[in-house]
Amino acid sequence: MRKIALDVGDKTIGVAVSDALLLTAQGVTTIERVGIRKDCGKVMELIRQYECDTVVIGLPLRLDGSNSPQTEKVYEFKTMLENKMKSSGMA
């Protein structure tokens, strides 16, 4: 199974997917943000399309390692995505 990696920003979400051998990853798309529920839905579609078993989300921390305002937004997105995955039987 492949891995999917997300770079969650305020305006876009960068998406990369590993190859089947887990040797490399390539950027596959950029999702334009419209709302957290719809954005998570689009990510779910990509997880199914590429048959991914692991989701990796980049965590933007400050240089001193502490949370930033963007860190909290990423945690919120992660929680929403986890809930959607659980409700669809993916997690």
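Reader: Leaving aside its neighbours within four places in sequence, which residues is Phe77 in contact with?

Author: Good place to dive in. This is a predicted model, and in it Phe77 is in contact with Leu6, Val8, Ile13, Arg33, Ile36, Asp39, Cys40, Val43 and Ile57. Reading a contact list like that tells you which parts of the chain meet around one residue.

Reader: Okay, but I need a map first. How many helices and strands does the protein have?

Author: There are 2 helices and 4 strands. Walk along the sequence and you meet them in the pattern β-β-β-α-β-α.

Reader: Then back to Phe77. Which residues have the most contacts inside the largest nonpolar core?

Author: Phe77 is one of them, together with Ile4, Leu6, Ile13, Val15, Val43 and Leu81. The core has 18 residues in total. At least two of its residues come from each of strand 1 (2-8), strand 2 (12-18), helix 1 (36-49) and helix 2 (69-87).

Reader: What about the whole protein: which radius of gyration does it have, and what would a compact globule have?

Author: The idea is to set the value beside a rule for a chain with that many residues. A compact globule of 91 residues would come out near 12 Å, and the protein has 13 Å, so the two agree. If you prefer a box, the C-alpha atoms fill one of roughly 35 × 30 × 25 Å along the principal axes.

Reader: And what share of the residues counts as buried?

Author: Of the 91 residues, 26% do. As for the outside, the accessible surface is about 5,800 Å², and carbon and sulfur atoms account for 53% of it.

Reader: How do I read the charges? How far apart are the mean positions of the positive and negative ones?

Author: You average the places of each kind, then look at the gap between the two averages. Here there are 13 positive and 12 negative charges, and their mean positions are 5 Å apart.

Reader: Let's try single residues. Is Ser68 buried or exposed?

Author: You check its relative accessibility against a cut-off: under 20% is buried. Ser68 is at 15%, so it counts as buried. You'll find Ser68 in the loop between strand 4 (52-57) and helix 2. Not counting residues up to four places away in sequence, Ser68 touches Pro60 and Arg62.

Reader: Where is Pro60, then?

Author: Pro60 sits in the loop between strand 4 and helix 2. Its relative accessibility is 27%, so Pro60 counts as partly exposed. Beyond its neighbours within four places in sequence, Pro60 has contacts with Ser68, Gln70, Thr71 and Val74. For a sense of distance, the C-alpha atoms of Pro60 and Met80 are separated by 18 Å, with their positions 20 residues apart along the chain.

Reader: How should I compare distance in sequence with distance in space?

Author: Take two pairs. Ser88 and Met44 are 44 residues apart along the chain, and their C-alpha atoms are separated by 9.4 Å. Ser66 and Asp19 are 47 residues apart along the chain, and their C-alpha atoms are separated by 33 Å.

Reader: Which residues does Ser88 touch, not counting residues up to four places away in sequence?

Author: Met44 and Arg48. Ser88 itself lies in the segment after helix 2, and at 35% relative accessibility it counts as partly exposed.

Reader: Can we do one in a strand? Which residues does Thr12 touch, not counting those up to four places away in sequence?

Author: Thr12 touches Asp7, Thr30, Ile31, Glu32 and Arg33. Thr12 is found in strand 2 and is partly exposed, with a relative accessible area of 30%.

Reader: Last topic: backbone angles. What is phi of Leu22 near?

Author: Start with the general idea: most residues other than glycine have a negative phi. Phi of Leu22 is near 60 degrees, a positive value in a residue other than glycine. Leu22 lies in the loop between strand 2 and strand 3 (25-32), and it is partly exposed at 42% relative accessibility.

Reader: And what is phi of Glu51 near?

Author: Near 55 degrees, again a positive value in a residue other than glycine. Look for Glu51 in the loop between helix 1 and strand 4. Over 50% means exposed, and Glu51, at 53% relative accessibility, counts as exposed.

Definitions and conventions: Residues numbered from 1 in each chain as written. Predicted model: local features only at pLDDT ≥ 70, side-chain atom pairs only at ≥ 80, totals over all residues. Heavy atoms only, no water. Rg over C-alpha atoms; globule rule 2.2 N^0.38 Å. Buried < 20%, exposed > 50% of the residue type's maximum accessible area, 1.4 Å probe, protein only. Areas by Shrake-Rupley, 256 points an atom, 1.4 Å probe, with all protein chains shown as cover. Lys, Arg positive; Asp, Glu negative; His and termini not counted. Charge placed at Lys NZ, Arg CZ, Asp CG, Glu CD. Core = buried A, V, L, I, M, F, W, Y, C linked by side-chain atoms within 4.5 Å. Contact = heavy atoms within 4.5 Å.
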